[in-house]
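Here is a friendly walk through a few structural terms and what earns each one its place. Have a look at the model first, then read on.

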Amino acid sequence: MRYISTRGGMAPLPFCETVLMGLAPDGGLLLPERYPQIDRATLDAWRDLGYAELAFEIIRLFADDIPADDLKGIVSRAYRAETFGSEAITPVKRLHDGLAILELSNGPTLAFKDMAMQFLGQLFEYVLDQRGETLNILGATSGDTGSAAEYAMRGKRGIQVFMLSPDGKMSAFQRAQMYSLQDQNIHNIAIQGMFDDCQDIVKAVQNDHAFKAKHKIGTVNSINWARVVAQVVYYFNGYFRATASNDEKVSFCVPSGNFGNVCAGHVARSMGLPVERLIVATNENDVLDEFFKSGRYAPRGSERTYVTSSPSMDISKASNFERFVFDLVGRDGAKVKQLWAEVDAGGGFQLDAETMGRVRDAFGFVSGKSAHADRIATIRQVDAEDGVVVDTHTADGIKVARELRRGGENVVCLETALPAKFAETIREALDRDPPRPAGFEALESLPQRVVTLPADASQVKALIEKTLG
């Protein structure tokens, strides 16, 4: 299996050569030359596998340059019952109306990002050991990627983490999860701006090839292909848990800001998983909903990005969207390069009606959006009818899933985080605190380590240089 760039300017590389890379040298994102195809016999053989066994079978198709025994060790260390609270790893529960929720938030930081990040932590350590190298990770978070990455990388040999987050824009719980870590290889940087500013800085550093090479800069954001691969696994697992046989189809509803999570669903569907539709749910930052309804993709800039009660989706530039568009336009790298030049120039692009027909008919995408009042109403309704408390992002997904579900459609809603991370909004909805897992009782009162900087890539680079000496 070899990997290419969405912008067509990179010679194909094997998996391990891409793990530490982040963006491709031409500024594009990495994708495999082809998606492995899963036939019915393979699907039948996989149905009853445990999570780590299933992860091995799927990831080996993408990472065929890692010896099988080594890969088995990586996934078995990543996906343990001790880490995720049960052997099921990602259980499915049904609400009274038949809507299913795929539980993805049972990891150490209570968010779905743990599903990929626990794998990435083990993978990075393995690849670095094989090469005798070190890695300095520069990441950006809108709330959950940061803590998941830091908990997965803390204390790892040869790894330093520099994590950018939008100053004051995350929940108090999310900030405390990250900023209270005292590990010497973890460095938190609060950026005066929105998540899109943080993401722009990461991409600017990635595109400074001399700085990137000198300081061995990598990324854990979903621009890293290995993260998307790890997320593909829970779509297969969710399908198996939500169906009685492989004769059935499911649709997945995915709360989305940066398009990484639903991009993994697109990959799973492209591999042959029986997925009817991929339902994208946005909040008030509805650039993706606008695209799926009109064909117009126009990121709005940080000054026009709303601060909402589902803050991890407060994003107007969806990094991973480029991967889907690459497939949509027939894997034409020159076309993608041209489209993103229009985006980078501050505009956007408009796709024609024929192309948008393929978005729905060939790729199964539809979308909807949710606002604060919808979140509050959905949290109240699910609590009253099912005795289940959901977080604000999952509420966005449930609202859109119920709005768009067709008769007889088996819809699986992807859980985003546990409600404890968004206590203020849960109190507004339910007039009580959300349940808080053991070990997190006094999180917000712990001492915090964080540096605040303006939205300026040069200042971030200077801090990295100073820290690394």
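Q: When do two strands count as paired here?
A: Two strands pair if DSSP finds at least two bridges between them. Do keep in mind that this model is predicted.

Q: What makes β7 and β8 a pair, and in which sense do they pair?
A: The cut-off is at least two bridges. Strand β7 (residues 159-166) and strand β8 (residues 186-192) have six bridges, so they pair, and the sense is parallel. Within this pair, Leu 164 stands opposite Ile 189 in β8.

Q: Where in the open sheet of five strands do β7 and β8 sit?
A: The order reads β9-β6-β7-β8-β16, with parallel pairing.

Q: Why do β9 and β16 stand at the edges?
A: Each has a single partner strand, so one side of β9 (217-218) and one side of β16 (451-454) are left without a neighbour in the sheet.

Q: What makes helix α7 a helix that packs on the sheet?
A: Contact means heavy atoms within 4.5 Å. Helix α7 (residues 145-153) touches β6 (135-140), β7 and β8, and its direction makes about 165° with that of β7.

Q: Which strands pair with β15?
A: Strand β5 (residues 100-102) does so over three bridges, and strand β10 (residues 250-255) also over three bridges; both are parallel. Leu 102 stands opposite Leu 414 in β15, while Phe 252 stands opposite Val 412.

Q: Are the residues of β15 that point either way buried or exposed?
A: Buried means under 20% relative accessible area. Val 411 and Cys 413 point one way, Val 412 and Leu 414 the other, and all are buried.

Terms used: Residues are numbered from 1 along each chain as its sequence is written. This is a predicted model: local features need pLDDT of at least 70, side-chain atom pairs count only at pLDDT 80 or more; totals for chains, interfaces and linings use all residues. Side-chain values use heavy atoms; hydrogens and water are left out. Helices (H or I, at least four residues) and strands (E, at least two) are DSSP runs, numbered from the N terminus. Axes are lines fitted to C-alpha atoms, for helices over the stretch in contact, and angles run from 0 to 180 degrees between N-to-C directions. Buried means under 20% relative accessible area, exposed over 50%, partly exposed in between (1.4 Å probe, protein chains only).
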